[in-house]
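This briefing covers the ligand shell first. Salt bridges and ring contacts follow.

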Amino acid sequence: MSIITLAGSPSQRSRSSALLRHAANRLRAGGWSIGELGLRDIPAEELIEGHYASPAAGALRARVAAADAVLISTPVYKASFAGGLKAVLDLLDEKALAGKVVLPIATGGSPAHLLALEYGLKPVLSALGARHILAGVYATDKQVRVDEAGQPHIDDDVRQRLEDSVDRLSEQLRPHAYVANEAYDLGRLALAGGFSV
Ligand SMILES: Cc1cc2nc3c(=O)[nH]c(=O)nc-3n(C[C@H](O)[C@H](O)[C@H](O)COP(=O)(O)O)c2cc1C
């Protein structure tokens, strides 16, 4: 079993990436093997021009294909998820997320744009074949900060929600637990309200 994280922010002191790292660290502590992917794994020109056949894009697809679960983080940009992340997702195979558990994580300046991810990110994940999308974690800039030394400061409430989501993901990945437990498909997510704030 392997897990990869995909950080969708271009920022050096990224709040959404800080949440992603916290989630990855918890999974590592639980014994999971974690690989990390980010926008900088694909040269900028290849990303912008969508070089599907490039070695970097091929390596990206291979690492996603080998993973059992994918944690994806993004900032909210202009009421949707980040364009750089979309450029990475555009380099994946058509059903690259089929059979994988996906945990979305996002940060935004305002809680109002939580719903943008419902109609922005989740339909894209679904188009990529994801059918087991966990209730994601959304936090505002007031709840997550990264100081000048690069140290994250995460409000207790957000930390708890994130750790609960990570623990649910671990449960999903345990052999034989996959079907029996409460994996969410997109329809149930829509009914349940999806992201927790
Ligand atoms: C170009 C740009 C557009 C943004 N648009 C929105 C927006 O529409 N809604 C919102 O809530 N926050 C918006 N923000 C704020 C970011 O989502 C927020 O600061 C986020 O935590 C940044 O995440 P990061 O540190 O991982 O890059 C925007 C920020 C930038 C730079």
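Three elements each supply at least two residues of the shell around the ligand: helix 1 (15-29), strand 3 (69-77) and strand 5 (101-108). Strand 3 gives the most, with three residues. The model is predicted.

**Ligand shell**
- The ligand has 16 residues around it.
- Those that come nearest are S9, S14, S16, V76 and D141.
- By class, the shell around the ligand holds nine polar residues, four nonpolar and three charged.

**Polar contacts with the ligand**
- The side chain of D141 places an N or O atom 2.5 Å from an oxygen atom of the ligand.
- D141 is also one of the residues that come nearest to the ligand.
- The backbone of A79 has an N or O atom 2.8 Å from a ligand oxygen atom.
- K78 also uses its backbone: an N or O atom there lies 2.9 Å from a nitrogen atom of the ligand.
- Taken alone, the ligand exposes 640 Å², and the protein buries 73% of that area.

**Salt bridges**
- The whole structure contains nine salt bridges.
- One of them joins the side chains of R26 and D167, with an N to O distance of 2.9 Å.
- R26 belongs to helix 1 and D167 to helix 7 (residues 156-173), so this pair ties together parts that lie 141 residues apart in sequence.
- Helix 1 also supplies at least two residues of the shell around the ligand.

**Rings**
- Aromatic pairs are described by the distance of the ring centres and the angle of the planes.
- With centres required to lie within 6.5 Å, the count of aromatic pairs is zero.
- Y52 does have a charged residue over its ring face: R61 lies there, 3.6 Å from the ring centre.

Methods: Residues are numbered from 1 along each chain as its sequence is written. This is a predicted model: local features need pLDDT of at least 70, side-chain atom pairs count only at pLDDT 80 or more; totals for chains, interfaces and linings use all residues. Side-chain values use heavy atoms; hydrogens and water are left out. Rings of Phe, Tyr and Trp (its six-membered ring) pair if their centres lie within 6.5 Å; planes under 30 degrees apart count as stacked, over 60 as edge-to-face and the rest as tilted. A charge sits over a ring if NZ of Lys or CZ of Arg is within 6 Å of the ring centre and within 35 degrees of the ring normal. A residue is near a molecule or strand if one of its heavy atoms lies within 4 Å of it. A polar contact is a pair of N or O atoms within 3.5 Å; within protein, one must be able to donate a hydrogen and the other to accept it, and residues adjacent in sequence count only if both atoms are side-chain atoms. Accessible areas come from the Shrake-Rupley method with a 1.4 Å probe; for residues, only the protein chains shown count as cover. Helices (H or I, at least four residues) and strands (E, at least two) are DSSP runs, numbered from the N terminus. Ala, Val, Leu, Ile, Met, Phe, Trp, Tyr, Cys and Pro count as nonpolar, Asp, Glu, Lys and Arg as charged, and the others, Gly among them, as polar. A salt bridge is a side-chain nitrogen of Lys or Arg within 4 Å of a carboxyl oxygen of Asp or Glu.
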